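Me: I've got this one open on my screen and would like to talk it through. Can you take my questions one at a time?

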Amino acid sequence: MAIAQGQGGSAVAPASAATIGPLDRALRERAARVIPGGLWGHQRAASLPEGYPQFFRGGEGCRVEDVDGRVYVDLMCSWGPIVLGHRHPAVEAAAQAQRALGDCLDGPGEVLVDLAETLVGMVAHADWAMFQTNGTDATTACVMIARAATGRRKVLVARGSYHGSAPWCTPVPAGTTEADRQHLIAFDYNDPDSLAAAVAQAGDDLAAIIVTALRHDLARDQELATPAFAQAARALSAERGAVLIVDDVRAGFRLDLRGSWAPLGIEPDLSAFSKAIANGHALAAVTGRDWLREAATRVFVTGSFWCSAVSMAAALATLRELRRVEAPAVMARAGQRLREGLARQAARAGVGLRQSGPPQMPLLLFEGDVEQKLGALFCQQALARGAYLHPKHNMFLCAAHDDAAIDAVLAATEPAMAAVARALKER
Ligand code: PMP
C-alpha cells in the first residue's frame, strides 16, 4: 500500500474541523446494523471528538490512512502496539517468513523458545516467560499465578488503573457480578500510606499487589511511579510473601527494554507485557521470577491462538530492532521535540496546556477543561490538518516519528492552538 506522505501540516489548512468521509459514513451505517453499537470498546469513534474516522485502510511508518484516503501523522500508534512504525519491513519480513511455514499449528514453533530466551535475557527480573494474545490475558494470568502461588485471594488494585476488560478488572460493571471483584482492595497510586492500609486490610489473605508501570488513568495528568511508592510496593509484598505484579502492558518496551521499573531499581515478581511487543501483531507475555515457576506450571491458562508462530516471529524481530535502534531513546527525543513545540505554541497563544507523562507517551490536557471540550476542539482542528491526536487518553510515539513528522504535527497544532485561544476568549 502506498501512502501519500507529508500531508500533515503543509496542506492548505481548512478553517473548519474534520468531517467524516463518505466511505467511513457508509461503513458505520452497515456496522450499526450487524455489530452492537457499531463497534465495541475503546476504539469506538463515538468516544472520540466528532469528525474522527472510525475505519482505516492502512498505515505506513508513522502515518495512517483512513478509508476515505485521508492520511494522518499517527500519534496513537494503534493505541500502543505500533512501536517501530506501521508495516515495519524487518518485522513484516520475519512474519512473512514464518507465515510461509505455518502460523497456527498443532503446537508452537521453534520461535516460542527463541522468544522466551530473548525475554529472559532482556527483562531484568525474568527467569521465565509465557505467552498469550492480549494484555487482559496477561494481567489475568498474573493474578491467577499469584493466587496459585500464595493460596490467598486478595489482590490490591490502584483506583482508576486499567488492567483490561475481563470481569475482575473491567472499569464498566455491566455484565459482571460483585463476586467478580469481591477480593479486590483499592488503594491510591503513588500513595505508600494508602497502599500500606490496603495491605493491612488484606491481612493474611494478600495474594498480590498489581500496579501499572506509571499512572496513566484516562483524562488525568500522568504520573511516573515515585521511587518511594515503588519501594513500598516491593517491600510490602515481599514482607507478606505476596506477589508484586507490574502491569507493563501499556508502557512496556517504550520506556525501557528491561521493563519499565528497571530504572527505579525495582524488580517485580511478575510483569505483564503486550501492546508494543510485536509491533502490531497479536501477542502478550508474562515474565516471572523463579519462585513463581511452579505456580505458573499449575495454573491452566491457554488459548487457541496463544502459540501463534507468526506473532512470535514478529516479536523476535521487533525486540531485535528496538534494541538495535535504541528505540526508547529515539521515541523520547521525538516526544520531547513535540512537547517543546506544543509548549511554545501554548505560551504564544496564552493557553494553559498541561503536558504529562514520559515523552514517549504524551498526554495533553487544557487548564480548566473539565469535560475536555477544548481538547476535543484542539484535536478536531489538528485532525483536519493531518495529525491524529487524542484529547484525553495518553498518546504513543513510535520510532518512525522523525523530525519532519513531528514538525508536521506542530504545523497542524499551531492553528489548532489558536482555535483554542479563540474559544477561551469567547467563553
Ligand atoms: N493493562 C494496561 C495497562 C493497558 O493499557 C491495557 C490496554 N489498554 C490492558 C492491560 C489490556 O490489554 P488488552 O486491551 O490488550 O487486553
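**Around the ligand**

Me: Which residues surround the ligand?
Reply: Keep in mind that this is a predicted model. Going round the ligand, you meet Asn134, Gly135, Thr136, Tyr162, His163, Gly164, Thr212, His216, Asp247, Val249, Arg250 and Lys275.

Me: How do the residues of that shell divide into nonpolar, polar and charged?
Reply: Glycine is counted as polar here, and tyrosine as nonpolar. On that basis the shell around the ligand splits into 2 nonpolar, 7 polar and 3 charged.

Me: What is the distance from a polar side-chain atom of aspartate 247 to a nitrogen atom of the ligand?
Reply: A polar contact needs a pair of N or O atoms within 3.5 Å. The side chain of asparagine 134 has an N or O atom 3.3 Å from a ligand oxygen, and arginine 250 has one 2.8 Å from a ligand oxygen. For aspartate 247, the partner is a ligand nitrogen, and the distance is 2.7 Å.

Me: And how much of the ligand's accessible area does the protein cover?
Reply: On its own, the ligand has 390 Å² of accessible area. The share covered by the protein is 89%.

**Two cysteines and an alanine**

Me: Is cysteine 398 buried or exposed?
Reply: Cysteine 398 sits in the loop between β15 (387-388) and α11 (403-426). Leaving aside residues up to four places away in sequence, it touches Cys62, Cys77, Ile82, Val83, Leu84, Gly85, Arg254 and Met331. Its relative accessibility is 0%, so cysteine 398 counts as buried.

Me: What is phi of cysteine 77?
Reply: You'll find cysteine 77 in the loop between β3 (71-74) and α2 (89-101). With 0% relative accessibility, this residue is classed as buried. Its phi is positive although the residue is not a glycine, with a value near 50 degrees.

Me: What is the relative accessible area of alanine 219?
Reply: Alanine 219 is in the loop between β8 (214-215) and β9 (223-224). It is another non-glycine residue with a positive phi, about 60 degrees. Alanine 219 is partly exposed, because its relative accessible area is 31%.

**Confidence**

Me: Over which residues is the pLDDT below 50?
Reply: The protein's mean pLDDT is 95, and 96% of its residues reach 70 or more. One stretch falls below 50, and beyond near neighbours in sequence it has 31 contacts in the model. Where pLDDT is low, don't read the predicted coordinates in detail. The stretch in question is residues 1-15.

Note on methods. Residues are numbered from 1 along each chain as its sequence is written. This is a predicted model: local features need pLDDT of at least 70, side-chain atom pairs count only at pLDDT 80 or more; totals for chains, interfaces and linings use all residues. Side-chain values use heavy atoms; hydrogens and water are left out. A residue is near a molecule or strand if one of its heavy atoms lies within 4 Å of it. A polar contact is a pair of N or O atoms within 3.5 Å; within protein, one must be able to donate a hydrogen and the other to accept it, and residues adjacent in sequence count only if both atoms are side-chain atoms. Accessible areas come from the Shrake-Rupley method with a 1.4 Å probe; for residues, only the protein chains shown count as cover. pLDDT is the predictor's confidence in each residue, from 0 to 100. Contact means heavy atoms within 4.5 Å. Helices (H or I, at least four residues) and strands (E, at least two) are DSSP runs, numbered from the N terminus. Buried means under 20% relative accessible area, exposed over 50%, partly exposed in between (1.4 Å probe, protein chains only).
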